[in-house]
Amino acid sequence: MPVFLRALFLFMDIAFSTISTIIKSRRSTKPVAMNGKKIPDYQVESLLELADWAPTHGFTEPWRFVVYGNASEFSHQHAELYKCSTTPENFDQAIYNKLYDQGDKASHVILAIMKRGSLPKIPVIEEVEAVSCAVQNILLGATALGIASFWSTGGMALRQPMKDFLKLGEDDHVIGVLYLGYADSNPEGNRSIPLEKKITWIR
Ligand SMILES: Cc1cc2nc3c(=O)[nH]c(=O)nc-3n(C[C@H](O)[C@H](O)[C@H](O)COP(=O)(O)O)c2cc1C
């Protein structure tokens, strides 16, 4: 085999092994398990650049991001949003406190949004899928940089008051609240359904 071909195969082996390690070692780390260290903004910018290379049907590029350089600023707003949109009878101080404190040990928060485009032939589900791919690019890039991450849809994330707060259109959606930070350890991975049960091979 020519030397350049051998070098190419070696390069592909290394690239596959690197990306496999990154994909398999990405874990969700709860923001409260982060350690308060700050991520430099330029690294978050480089993650957003990866997000922009997600696949996109019809080039609608439906991902939009609101980035908080101070995670607790988002958490405090999140808690207030909960308070303002909950009746006094239903208000739960423990939920408020949990939302309020959620970002204390994280560094940045990225709100990942699906902005519905004007191409009706692209179904909504595909726009959501494209933004989910963009989110995964962020999470994998973060893992490669030693940054812990957490994709959350809890609290007010998927509720109308959050859409109003973000001035989203009726057909736009919040896809997730991404907490980024550093952690002193990586949680164990766990998959409970065996891979074989998720695959139908037609050979
Ligand atoms: C769309 C989406 C929304 C999620 N929302 C939450 C959430 O609100 N709260 C939470 O604890 N985890 C949430 N997660 C993270 C999952 O709990 C986590 O991915 C799962 O436990 C598997 O762990 P791993 O990410 O470490 O592999 C969400 C994940 C996805 C894909």
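**Note on the predicted model**

1. At a relative accessibility of 68%, Phe59 counts as exposed (exposed means over 50% relative accessible area, buried under 20%, and partly exposed in between, with a 1.4 Å probe and protein chains only). Phe59 sits in the loop between α2 (41-51) and β1 (63-68), and although Phe59 is not a glycine, its phi is positive, at about 50°.

2. The model is a predicted one, in which local features need pLDDT of at least 70 and side-chain atom pairs count only at pLDDT 80 or more, while totals for chains, interfaces and linings use all residues. Residues are numbered from 1 along each chain as its sequence is written, and side-chain values use heavy atoms, with hydrogens and water left out.

3. As for the overall fold, the chain holds six helices and four strands (DSSP runs numbered from the N terminus, with H or I over at least four residues for a helix and E over at least two for a strand). Their order along the sequence is α-α-β-α-α-β-α-β-α-β. The C-alpha trace spans about 75 × 45 × 40 Å along its principal axes, and 36% of the 203 residues count as buried.

4. Lys167 also deserves a look in the backbone, since Lys167 has a positive phi of about 55° without being a glycine. Lys167 belongs to the loop between α6 (160-165) and β4 (173-181), and with a relative accessible area of 74% Lys167 is exposed.

5. The ligand is surrounded by Arg26, Arg27, Ser28, Lys30, Phe150, Trp151, Ser152, Thr153, Gly154 and Arg191 (a residue is included if one of its heavy atoms lies within 4 Å of the ligand). By class, this shell comprises two nonpolar, four polar and four charged residues, where Ala, Val, Leu, Ile, Met, Phe, Trp, Tyr, Cys and Pro count as nonpolar, Asp, Glu, Lys and Arg as charged, and the others, Gly among them, as polar.

6. Turning to distances, a side-chain N or O atom of Ser28 is 2.6 Å from an oxygen atom of the ligand, a side-chain N or O atom of Lys30 is 3.0 Å from a ligand oxygen, and a polar side-chain atom of Arg191 is 2.8 Å from an oxygen of the ligand. Taken alone the ligand exposes 610 Å², of which the protein buries 57% (areas by the Shrake-Rupley method with a 1.4 Å probe).

7. Side chains of opposite charge can pair when their charged atoms come close. The count here is two salt bridges (a side-chain nitrogen of Lys or Arg within 4 Å of a carboxyl oxygen of Asp or Glu). In one of them Lys115 pairs with Asp172, with the closest N and O atoms 3.2 Å apart. This pair links distant parts of the chain, 57 residues apart, with Lys115 in the loop between β2 (108-114) and α5 (124-144) and Asp172 in the loop between α6 and β4. Lys115 is partly exposed at 37% relative accessibility, whereas Asp172 is buried at 3%.

8. Arg116 forms a salt bridge with Glu127, at 3.7 Å between the closest N and O atoms. Arg116 lies in the loop between β2 and α5 and Glu127 in helix α5, so this pair ties together parts that are eleven residues apart in sequence. Both Arg116 and Glu127 are buried.

9. The number of disulfides is zero (a disulfide being a pair of cysteine sulfur atoms within 2.5 Å). For reference, Cys84 is exposed at 65% relative accessibility, and Cys133 is partly exposed at 29%.

How values were computed:
Polar contact = N/O pair within 3.5 Å; in protein donor to acceptor, adjacent residues only side chain to side chain.
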